[in-house]
Amino acid sequence: MKNLPLILYTLAVLLLVSTEGWCADFQKGWDAFNNGDLAAAFQEWKPLAEQGDAEAQFLVGAMYSNGVGVPRDHKEAVWWYRLAAEQAYAPAQNNLGLIYYEGQGVIQDYTAAREWLQLSAGQDIPEAQFLLGWMYYKGQGVPYNYKEAAHWLLLAADQGLAVAQANLGLMCLKGQGVPRDYKDAFKWLKLAAVQGEGTAQVNLGLIYLKGQGVRQDLTEAANWFWFAADQGVTTAQVKLAMMYEYGRGVLQDYVSAYMWYSLVAAQGHKIATERFDTMKKKMLPSQIEEAQELVREWLVKHRGISITVSPLERGD
């Protein structure tokens, strides 16, 4: 699922792990890693992994999984993650669950994914809690269960995981697994939005636009639409373009409206295409030229942008 914003534990995560009891070779590995000598780090950690050290096994698995210091090899990653996971090492359990969920180096298996994620989530790994909640939401490897989904998302959201906060906010907005509560929806979406979660930003904008649980504020709505639009969230780009076109929450600005409509219309969005064609008829040639330059500047600035949206994006 390319749109699912799953968080795979990377090597940097372990910088937060206690270093108590680390042997000299383990520290040498970190020193090499921090100095950018990834191959040397691998050479330090591999023997420790072979001796049964769970953290080293996890690190070796992460290096194979990400192609860091060694050629990418998902099957090798699975092997080392499993060794660490069987020693109850929570980050490895999370990654192994993710690998089974996505089918990287193994046959996709939601049941196996759930089993490993459940173990990791039970050790308070928020990414595992989020994905486990998502599986209950979608009925993947488990029966559909919004209440259970909300339970796991809440645990992850309480630990500050933005994608969990965003999706929990949307469940509060819809009354899925929890009572419909606009104030709770606002709380969770705001927490995710300030962390830069694009889907939370666009939905927070919608809350301000409609006055759901908060006083209607078109200026705030436009602000949050802008943050999401600048990340490439198409729903936000369309909403922001409309606000510029009609002067809602912002000064009426056909040039800016043209720019945002143009970006979305290029992706085949029907409404944006219709509004884009209408906008051109309202504008002077000099305004169109200015807008086209803004489009070029935005595309250069955001070249290679990866548009990632939350699986529960409302899109309305």
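A salt bridge is a side-chain nitrogen of Lys or Arg within 4 Å of a carboxyl oxygen of Asp or Glu. I wrote that down before anything else, along with a reminder that this is a predicted model.

**Entry 1: the count**

I searched the whole structure and got six salt bridges. The idea behind them is simple: side chains of opposite charge can pair when their charged atoms come close. I picked some of them to look up.

**Entry 2: a pair inside one helix**

I started with Lys46 and Glu50, whose side chains form a salt bridge at 3.8 Å, N to O. That fits the 4 Å cut-off. Where do Lys46 and Glu50 lie? Both are in helix 2, which covers residues 38-50, and they sit four residues apart, about one turn of the helix. Is Glu50 buried or exposed? Its relative accessibility is 55%, so I noted Glu50 as exposed, the cut-off for that being over 50%.

**Entry 3: Glu245 and Arg275**

Next I looked at Arg275, which makes a salt bridge with Glu245; their closest N and O atoms are 2.1 Å apart. Arg275 belongs to helix 15 (residues 270-282) and Glu245 to helix 13 (residues 234-246), so this pair ties together parts that are 30 residues apart in sequence. Then I checked accessibility. Arg275 comes out at 19%, so it counts as buried, because buried means under 20%. Glu245 is buried too, with a relative accessible area of 1%.

**Entry 4: Glu245 again, with Lys282**

Glu245 turned up once more, this time in a salt bridge with Lys282, with 3.1 Å between the closest N and O atoms. Lys282 is in helix 15 and Glu245 in helix 13, so the pair ties together parts 37 residues apart in sequence. Which residues end up in one network? Through shared partners, salt bridges join Glu245, Arg275 and Lys282. I also noted that Lys282 is partly exposed, at 37% relative accessible area.

**Entry 5: helix 13 itself**

Since Glu245 kept coming back, I looked at its helix. Helix 13 has 13 residues, and at 1.5 Å a residue it should span 18 Å; I found its end C-alpha atoms 19 Å apart, which agrees. Its buried residues include Val238, Leu240, Met243, Tyr244 and Glu245. What do the buried residues of helix 13 pack against? My list reads helix 11 (198-210), helix 12 (218-229), helix 14 (254-265), helix 15 and helix 16 (285-301). So helix 15, home of Arg275 and Lys282, is among those packing partners. Last note: just after helix 13, Gly247 takes a positive phi of about 70 degrees.

Terms used:
Residues numbered from 1 in each chain as written. Predicted model: local features only at pLDDT ≥ 70, side-chain atom pairs only at ≥ 80, totals over all residues. Heavy atoms only, no water. Helix = DSSP H or I, 4+ residues; strand = E, 2+ residues; numbered from the N terminus. Buried < 20%, exposed > 50% of the residue type's maximum accessible area, 1.4 Å probe, protein only. Expected span 1.5 Å × (residues − 1). Contact = heavy atoms within 4.5 Å.
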